[in-house]
Amino acid sequence: MDKKTIFNLSKKYSSFYLYDESQILSNISQLHHAFPNIKLLYSIKSNSNQEVLKTIFNNNLGADAASINEVFMAQKLGLSRNNIFYSAPGKSSEDINQGLKNSTLIADSINELRKINEIGKCNHTIYKIGVRINPNFSFNDELGYPSKFGIDEDKLFQLFNENTLNNIKIIGIHIHLKSQELSTKKLSNYYQNVILLALQVQKRLRSPLTFINMGSGIGVPYRSTDNPVNITLLGKRLSSLLSRFHSQLVNTKIIIESGRYLTCNAGTYVTRVLDRKVSHEQTFLILSNTLNGFIRPSLAMLINKYNNHSISVASEPLFTTTNAFKFTPLPQRPVNKKEKVTLVGNLCTTTDIIAENLIMPYLRPGDVIAISNAGAYGAVLSPMQFSSHNDIKEFLI
Ligand SMILES: *Cc1c(COP(=O)(O)O)cnc(C)c1O
């Protein structure tokens, strides 16, 4: 985090996102090193800033598109059809038509498969597509669970028995069950389950899969107490798994997707102190655009309140964990005096509170606070239209 850049920008903008290109590049190269023979996709939905996308797509990553507009964004930045994987539930007919033309389309339901088959029949074409599977395993056990994503493993195999989809060729599978997993062991176990299922699908289809998309899962340490995933070890585990099944996967590309690993720690949200007041002995610092500019800290506080500070279940991407964001005060001149503060925003609601009982140097209006881990699911998730404040700018440096 470059203080000088922050100070300069904060003269003009009361709140903004700052993305550190060198951090993004370092995250990319870590993944490339750990997974040398794996195709990596960037999940655009985590941060779709144009400059961020350019940096990532110029460095040998494909796109994981969650909507047809994300397909077009990747296409505009020069990615070819076979480097854009479009996977989302509830695609409209228009989405499907455009997706077939401009991306590697992943069907998310039996209805979608039938629809694509119909389109193929009309156009006298056999469409090569992927299919998202809801498997009979999870990150924690060997059971299947109800999901709005994909087609249940058993139902897919039943469908294969029907032999009705003659205008479709399934060339790949996609599985994504979880974000923000920090256990290297669980991740490698998951990879093994995905590969084993892919081999079954391949056997049943009697033709090799072109790709196996293992989705995301790799988490990032948000709290100071979180242990990062050992991605070098994870890469080694995956590579030994793949060599074990090498003969069955000769022409199969293995794919891993990630959003947050690439962008989360590269983003900082900067907000300015607008006012301060003491009310019934409590000191409030009123900051610009907290909930509306970067919603995640406010949501964490809200969830905390309802859960009596004992949250165990993440709700990605809205909420990951408590204490996920570090608040760094940046007074413009040296300050000796410290105080206990509550950080709130300038909206007309009491829910835009982002921290309580923080010990901070005495900040004055005009000083700024930098918030960490704002690179993923930050700007894209925040309700910037609320209260009609100015749009929040984003900068890549
Ligand atoms: C959101 C999403 C991702 C990215 O998850 P991260 O936790 O940001 O890495 C990957 N794949 C799919 C299918 C997703 O929906």
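Guide: Welcome! Let's start with a sorting rule: Ala, Val, Leu, Ile, Met, Phe, Trp, Tyr, Cys and Pro count as nonpolar, Asp, Glu, Lys and Arg as charged, and the others, Gly among them, as polar. One more thing before we look around: this is a predicted model.

Visitor: Thanks! By class, how many residues of each kind does the lining of the largest pocket have?

Guide: With that rule, the lining divides into 20 polar, 18 nonpolar and 10 charged residues. The full lining has 48 residues.

Visitor: How does one find empty space in a protein, and how much space lies in the largest pocket?

Guide: Rolling a probe the size of a water molecule over the atoms shows where empty space is left. Here, the largest pocket holds about 1,200 Å³.

Visitor: Which residues lie nearest the centre of the largest pocket?

Guide: Look for His176, Leu177, Lys178, Ser179 and Glu316. Glu316 is in the loop between H11 and S13, and Glu316 is partly exposed, with a relative accessible area of 27%.

Visitor: Which strands each supply at least two residues of the lining?

Guide: Find strand S6 (127-134) and strand S10 (253-258). S6 gives the largest share, 3 residues.

Visitor: Where does the largest pocket lie with respect to domain 1 and domain 2?

Guide: The pocket lies between them, because domain 1 (3-15 + 265-396) and domain 2 (80-258) both contribute residues to its lining.

Visitor: Let me stay with Glu316. How far apart are the C-alpha atoms of Glu316 and Leu18?

Guide: They are separated by 22 Å, with the two positions 298 residues apart along the chain. For another pair, take Ile256 and Leu41: they are 215 residues apart along the chain, and their C-alpha atoms are separated by 6.3 Å. Ile256 lies in strand S10, which is one of the strands that line the pocket.

Visitor: Is Ile256 buried or exposed?

Guide: The cut-off to keep in mind is that buried means under 20% relative accessible area. Ile256 has 2%, so it is buried. Asn117, in helix H6 (residues 110-123), also counts as buried, at 3% relative accessibility. The C-alpha atoms of Asn117 and Thr164 are 8.9 Å apart, and 47 residues separate the two along the chain.

Visitor: Now the backbone. Which peptide bond is cis?

Guide: The bond from Glu316 to Pro317 is cis, and its omega is near -5 degrees. Pro317 is found in the loop between helix H11 (295-307) and strand S13 (327-330). Glu316, on the other side of that bond, is the residue we met among those nearest the pocket centre.

Visitor: And what about phi at Glu281?

Guide: Glu281 has a positive phi of about 75 degrees although it is not a glycine. You will find Glu281 in the loop between strand S11 (267-279) and strand S12 (282-287). Exposed means over 50%, so Glu281, with a relative accessible area of 78%, is exposed. Asn357 is another non-glycine residue with a positive phi, near 55 degrees, and its place is in strand S15.

Visitor: How should I read cysteines, and how many disulfides does the structure hold?

Guide: A disulfide is a covalent bond between the sulfur atoms of two cysteines. The structure holds 0 of them. You can still look at single cysteines: Cys122 is exposed, with a relative accessible area of 59%, and Cys348 is exposed, with 81%.

Visitor: For what feature does UniProt list Cys348?

Guide: The UniProt record, an unreviewed entry, lists Cys348 for "active site". In the model, Cys348 is in the loop between strand S14 (338-345) and strand S15 (353-361).

Visitor: Where does UniProt place the "modified residue: N6-(pyridoxal phosphate)lysine" feature?

Guide: The unreviewed entry places that feature at Lys45. Lys45 is in the loop between strand S2 (39-43) and helix H3 (50-57), and at 39% relative accessibility Lys45 counts as partly exposed.

Visitor: Which residues does the "domain: Orn/DAP/Arg decarboxylase 2 N-terminal" annotation cover?

Guide: According to UniProt, again in an unreviewed entry, that annotation covers residues 22-263. This span is 43% helix and 18% strand, and its end C-alpha atoms lie 11 Å apart.

Methods
Residues are numbered from 1 along each chain as its sequence is written. This is a predicted model: local features need pLDDT of at least 70, side-chain atom pairs count only at pLDDT 80 or more; totals for chains, interfaces and linings use all residues. Side-chain values use heavy atoms; hydrogens and water are left out. On a 1 Å grid over the protein atoms alone, a cavity is a set of points where a 1.4 Å probe fits but cannot get out, and a pocket is an open set with protein on both sides within 12 Å along at least five of seven lines; lining residues have an atom within 4 Å of a point. Grid points are joined across faces, edges and corners, and a volume is the space filled by probe spheres set on the points. Helices (H or I, at least four residues) and strands (E, at least two) are DSSP runs, numbered from the N terminus. Domain bounds come from an automatic or database domain assignment. A disulfide is a pair of cysteine sulfur atoms within 2.5 Å. Buried means under 20% relative accessible area, exposed over 50%, partly exposed in between (1.4 Å probe, protein chains only). UniProt positions are given in the numbering used here, feature names are shortened, and annotations may be inferred rather than shown by experiment.
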